[in-house]
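Visitor: I am new to this structure and should like to understand the terms used for it. Would you kindly show it to me?

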Amino acid sequence: MHTPDHKRAPGGAPERRAALTFRAPEAADGARVHELIEACPPLDRNSLYCNLLQCTHFAETCVLAEQGERLLGWISGYRPPAEPSTLFVWQVAVHEAARGTGLAGKLLMALLDRPATEPVRFIKTTVTPGNEASRALFRSIARRAHAPLREQSGFEKDTHFRGRHDSERLIVIGPIPQARQRVSSAA
């Protein structure tokens, strides 16, 4: 998927920048993904090894966005073995330079357009109560996918995190209509 990106050069003429591309990650992307996440507080920083595994073992359910050689966005996700019709979105990271452009939604829709996510009928994620940007993203995805969104108890600060992390609410989108039709018509 390519999205043209234009800006004005000195003198007012349009200047064409490299197209925005979406692709599955590879092993060589692990360190780049790790650096992007570090540059996106308050995202939880996983180990570099974890990001490397996401880029290899879970590449079919992860996506990155690049403009030229610059990594602008990342989504990690997986299909839980006990819930093969669910995509759990683990982390969404958008570089500061690309915030406010709708990149996170484009990344998720590109991920939903992959063969590995064709059987997906539900999207799940956990979000802290104060993370309005993530909440807005998932409300938007639910609308674009023509699917209901509900929120319920997830992981609790004291019970699950022993007070070291804010509570995370579980967001569930679905059931989602047929994969191929929903993405093509929602883009």
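Guide: What follows concerns a predicted model, with questions on one helix and on a group of aromatic rings.

Visitor: What makes the length of helix 4 agree with its number of residues?

Guide: Helix 4 has 13 residues, 132–144, and at 1.5 Å a residue the expected span is 18 Å; the end C-alpha atoms are 18 Å apart, so the two agree.

Visitor: Which residues of helix 4 are buried, and how do you know whether they line one face or several?

Guide: S134, R135, L137, F138, I141 and A142 are buried. Viewed down the helix axis, the buried residues fall within an arc of 160°, and therefore they line one face of helix 4. An α-helix has 3.6 residues a turn, so residues three or four places apart point the same way. The face turned away from the buried side carries the exposed residues A133 and R143.

Visitor: What do the buried residues of helix 4 pack against?

Guide: Their partners include helix 3 (103–112) and strand 7 (86–94).

Visitor: Why is F88 called buried and Y78 partly exposed?

Guide: F88 has a relative accessible area of 15%, and buried means under 20%. Y78, at 26%, lies between that limit and the 50% above which a residue is exposed, so Y78 is partly exposed.

Visitor: Why is the pair of Y78 and W90 called edge-to-face?

Guide: The ring centres of Y78 and W90 are 6.3 Å apart, which is within the 6.5 Å limit for a pair. Their planes stand at 85°, and over 60 counts as edge-to-face, so the name applies. Y78 lies in strand 6 and W90 in strand 7, so the pair ties together parts twelve residues apart in sequence.

Terms used. Residues are numbered from 1 along each chain as its sequence is written. This is a predicted model: local features need pLDDT of at least 70, side-chain atom pairs count only at pLDDT 80 or more; totals for chains, interfaces and linings use all residues. Side-chain values use heavy atoms; hydrogens and water are left out. Helices (H or I, at least four residues) and strands (E, at least two) are DSSP runs, numbered from the N terminus. The expected span of a helix is 1.5 Å times one less than its number of residues. Buried means under 20% relative accessible area, exposed over 50%, partly exposed in between (1.4 Å probe, protein chains only). The arc is that of the directions from the helix axis to the C-beta atoms. Contact means heavy atoms within 4.5 Å. Rings of Phe, Tyr and Trp (its six-membered ring) pair if their centres lie within 6.5 Å; planes under 30 degrees apart count as stacked, over 60 as edge-to-face and the rest as tilted.
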